[in-house]
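Subject: Structure handover

Hello,

Here is the structure I said I would pass on. Please open it first and keep it beside you while you read the notes below.

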Amino acid sequence: MVPGFGHGTWIGKGSQALNDTPDMSLIHERRVKRADELRNDDTVHKFEKAAIARSRSLHSPPLGNYTIWKNEYQIGNNFEDMLRLMQDQIIMARVYSGLARMTNNLALHEELETQLAKIALEEESSDTDQLQRVLDTIRDLGQILARANEQLYGCKLVTNKLRAMIQIAEEELESTQTYTTFLTQLASKAIPDAIHCLTMRLALEYYLLPLPMRNFPRRENLENPKLYHYTLFSDNVLAASVVVNSTVMNAQDPSRHVFHLVTDKLNFGAMSMWFLLNPPGDATIHVQRLEDFAWLNSSYSPVLRQLESAAMKKFYFKTDRSESAESGSENLKYRYPKYMSMLNHLRFYIPKIFPKLEKILFLDDDVVVQKDLTPLWSIDLKGKVNGAVETCGVTFHRLDTYLNFSDKHIAENFDPKYCAWAYGMNIFDLKEWRKSNITETYHFWQDMNENRTLWKLGTLPPGLITFYNMTLPLQRKWHLLGLGYDKGIDVKKIERSAVIHFNGHMKPWTEMGISKYQPYWTKYINFDHPFILSCRLFE
C-alpha cells in the first residue's frame with residue numbers, strides 16, 4: 001500500500017491532493033449552465049435543424065411525419081403554409097379517431113374527438129389571434145398524433161380509412177352541388193320583389209284607365225310588310241322594356257320598326273301600361289294576350305294538350321319524383337316552370353299569330369340590342385326559313401347533345417353531327433315557313449315525343465328538329481351568347497356584337513347576375529322613373 005493513498009485521493013504536483021469523487025456543487029453549476037444553453041432559441045433551432053436534416057436523409061418519411069412541429073413551420077413560412085399543415089393534421093386526427101374507435105381504443109378516440117371539437121370551437125371565435133391559434137393547434141395536435149401514430153399506424157388501415165373519407169366527401173360534394181343547382185335554378189326563374197312591385201303598380205294604373213286611352217298609336221303599321229317587324233313573348237315587364245329600348249336607341253330610323261309583344265293575361269295590363277307611359281319614340285308597339293288566340297287550344301296544339309295533361313303535371317309537381325333536388329339528377333334544368341308556360345312555345349306559331357307578315361325577327365326577353373338590326377331583313381336566306389347563329393364547336397352543341405339517338409325515329413332521320421344553332425335572335429321567312437308547313441312538322445314530332453323519349457323538355461330540341469336543313473347560319477357578330485353563365489367573355493367581343501344574350505341562370509335583373517355584364521343591361525333602364533323609384537329596383 002502506498003502510504004497516504006486512499007480511495008478518492010491522488011498525490012499530484014506540489015503534493016496537492018485531488019479528490020476523484022464529484023463535487024455536487026460543481027455538477028449543479030454545470031447542469032444550470034447546460035439548461036441555459038438548451039433554453040437558448042438559437043441552440044434549439046440548431047438541434048431541430050439537425051434532426052430535420054437527419055430525417056430528410058432517410059429514404060422513407062420519418063415516424064410521425066404529420067406530428068412533428070417543425071421549425072420550418074414556426075418561422076420563415078407564411079400563415080398559409082402553417083394553415084395547410086394544421087389542416088393535414090386535422091385530416092389525420094379524423095383518420096386516427098376512426099381507427100381508435102374501430103380498435104376499441106376509446107380513450108384515444110375520446111382525446112382526439114375532444115381536440116377536434118376544441119379546434120372547431122376556436123374557429124368560430126373571432127377573439128383568438130389566428131396565427132397563435134394555428135401554432136398552438138399544430139403543437140397540441142401534433143403531440144396527440146405522435147402517440148396515435150405509435151399505437152395505431154398501419155399503412156393498409158390508414159389507406160382504407162382515407163379512401164372511405166374521400167368517398168364520403170365526394171358524395172357530400174355531389175349532393176351539395178345538386179342542391180345548389182336546384183336553388184340556383186329556382187332563384188333564376190323567380191321574379192324579384194321589385195319587378196313584382198312594378199308589375200302590380202302598372203296593372204293597377206292600367207285598369208283604372210278609361211277604355212279609349214288603352215289603345216296604342218300607329219295601328220296601321222302592324223301589318224305593313226315594308227316595315228321591320230319584331231316579336232317578343234314575355235311575362236317580364238322590365239326585361240321586355242330593355243329589349244325594346246335597346247333596339248330603338250340603336251336603330252337608324254326607329255319609325256320603321258314595329259314591335260309585337262305577346263304576354264299572358266296576368267301581365268297584360270302591366271305590359272300595356274308600361275309602353276303607354278313610356279312609348280318607344282317613333283317606333284310602333286302593340287301588346288297582345290295569348291289567351292285571345294282562339295285557335296290556340298289543346299285540339300290544335302299537341303304541346304298545349306301535353307302541358308295540360310295529368311302526366312305532365314305529375315312530372316313537374318309530384319314530391320317523390322326521381323329527378324328531384326335530393327336525387328342528384330343532372331336533368332333538373334328540364335323542370336323549369338317556364339316550360340309549363342305556353343309563352344315559351346309560341347315561337348312555333350309565329351305565322352299563325354301574324355298571318356299577314358312576310359318576315360319577322362324573333363327576340364328573347366333576356367337579350368340586349370347594341371347595333372342597328374335593319375340589315376338582317378336584307379339577308380338572302382336562300383330558301384331557308386330560319387336565320388340563326390350556330391353554336392357548335394368541334395365536338396359539342398351538335399344534334400346528339402340534344403336528341404336521343406338511341407331512338408330509331410331520331411337515328412333514321414337526323415345526322416347526330418348536325419350543327420346546333422341558338423334561339424334568342426332569329427330572322428324568320430314566314431312565306432317559306434308557310435310553304436314548308438313548318439308548324440305541322442313541329443306538331444308531328446311533338447306528338448312523337450308524348451312520353452319525352454326523343455328529347456327532354458324545352459324549345460331548342462324541337463326547334464332543331466323542326467328547322468332541320470331549313471336554317472341558314474348567320475355571322476357570329478349578330479348574336480353573342482353566354483352572359484348569363486360565362487364570366488370570361490372578352491369585353492371586345494361583347495362590344496362588337498349586335499345582340500348580346502344573357503342566357504343561363506344569372507339573369508341581369510336578379511341578384512345572381514354577373515356584375516361586370518349588368519351595365520350592358522341596366523344602361524337601358526330609366527332609374528329616375530317614378531314607378532322604378534318607388535319599387536326600389538336594385539337597391
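**What was found**

Of the 539 residues in the protein chain, 45% are buried. The model is a predicted one. Its chain has 21 helices and 11 strands. Among contacts between residues at least 6 apart in sequence, 74% join residues at least 24 apart.

**The sheet**

Seven strands form an open sheet with mixed pairing, in the order β5-β4-β3-β6-β9-β8-β10. The edges are held by β5 and β10 (471-473), each with a single partner strand, so one side of each has no neighbour in the sheet. On average, neighbouring strands are turned by 25° against each other, direction ignored. As background, the strands of a sheet pair through backbone hydrogen bonds, either parallel or antiparallel.

One pair to look at is strand β6 (residues 359-363) with strand β9 (residues 425-429): they run antiparallel and are joined by five bridges. Leu363 has Met425 in β9 as its bridge partner.

Two helices pack on this sheet. Helix α9 touches β3 (228-233), β4 (257-263), β5 and β6, and its direction makes about 175° with that of β4. Helix α10 touches β4 and β5, and its direction makes about 165° with that of β5.

**Helix against helix**

How do the axes of α9 and α10 cross? The axes of α9 (residues 237-249) and α10 (residues 265-277) come within 10 Å and cross at roughly 40°. The two helices are therefore oblique to each other, and their crossing is right-handed. On the α9 side the contact involves Val237, Ala240, Ser241 and Val244, which meet Ala270, Met271, Trp274 and Phe275 in α10. By class, seven residues of this contact are nonpolar, one is polar and none is charged.

A second helix pair is α4 (residues 79-102) and α6 (residues 130-152). These pack at an angle of about 35°, with their axes 9 Å apart. The crossing of α4 and α6 is left-handed. Their contact has 19 nonpolar residues, five polar and one charged.

**One residue in an edge strand**

Ile285 is in strand β5 (residues 284-289), which is one of the edge strands of the sheet. Is Ile285 buried or exposed? Its relative accessibility is 5%, so Ile285 counts as buried; the cut-off for buried is under 20%. Leaving aside neighbours within four places in sequence, Ile285 is in contact with Phe216, Val244, Phe259, Leu261, Phe275 and Pro280. Two of these residues also appear in the helix contact above: Val244 in α9 and Phe275 in α10. Ile285 and Leu222 are 63 residues apart in sequence, while their C-alpha atoms are 8.2 Å apart in space.

**Two residues with positive phi**

Most residues other than glycine have a negative phi. Which residues have a positive phi although they are not glycine? Arg452 is one of them, with a phi of about 60°. Arg452 lies in the loop between α17 (438-448) and α18 (460-466), and at 24% relative accessibility it counts as partly exposed. Asn469 is another, with a phi of about 65°. Asn469 lies in the loop between α18 and β10 and is partly exposed, with a relative accessible area of 42%.

Regards

Technical notes: Residues numbered from 1 in each chain as written. Predicted model: local features only at pLDDT ≥ 70, side-chain atom pairs only at ≥ 80, totals over all residues. Heavy atoms only, no water. Axes fitted to C-alpha atoms, helices over the stretch in contact; angles between N-to-C directions. Helix = DSSP H or I, 4+ residues; strand = E, 2+ residues; numbered from the N terminus. Parallel < 35°, antiparallel > 145°, perpendicular 65-115°, else oblique. Left-handed = near helix turned anticlockwise from the far one by under 90°. Contact = heavy atoms within 4.5 Å. Nonpolar A, V, L, I, M, F, W, Y, C, P; charged D, E, K, R; others polar. Buried < 20%, exposed > 50% of the residue type's maximum accessible area, 1.4 Å probe, protein only. Pairing = 2+ DSSP bridges.
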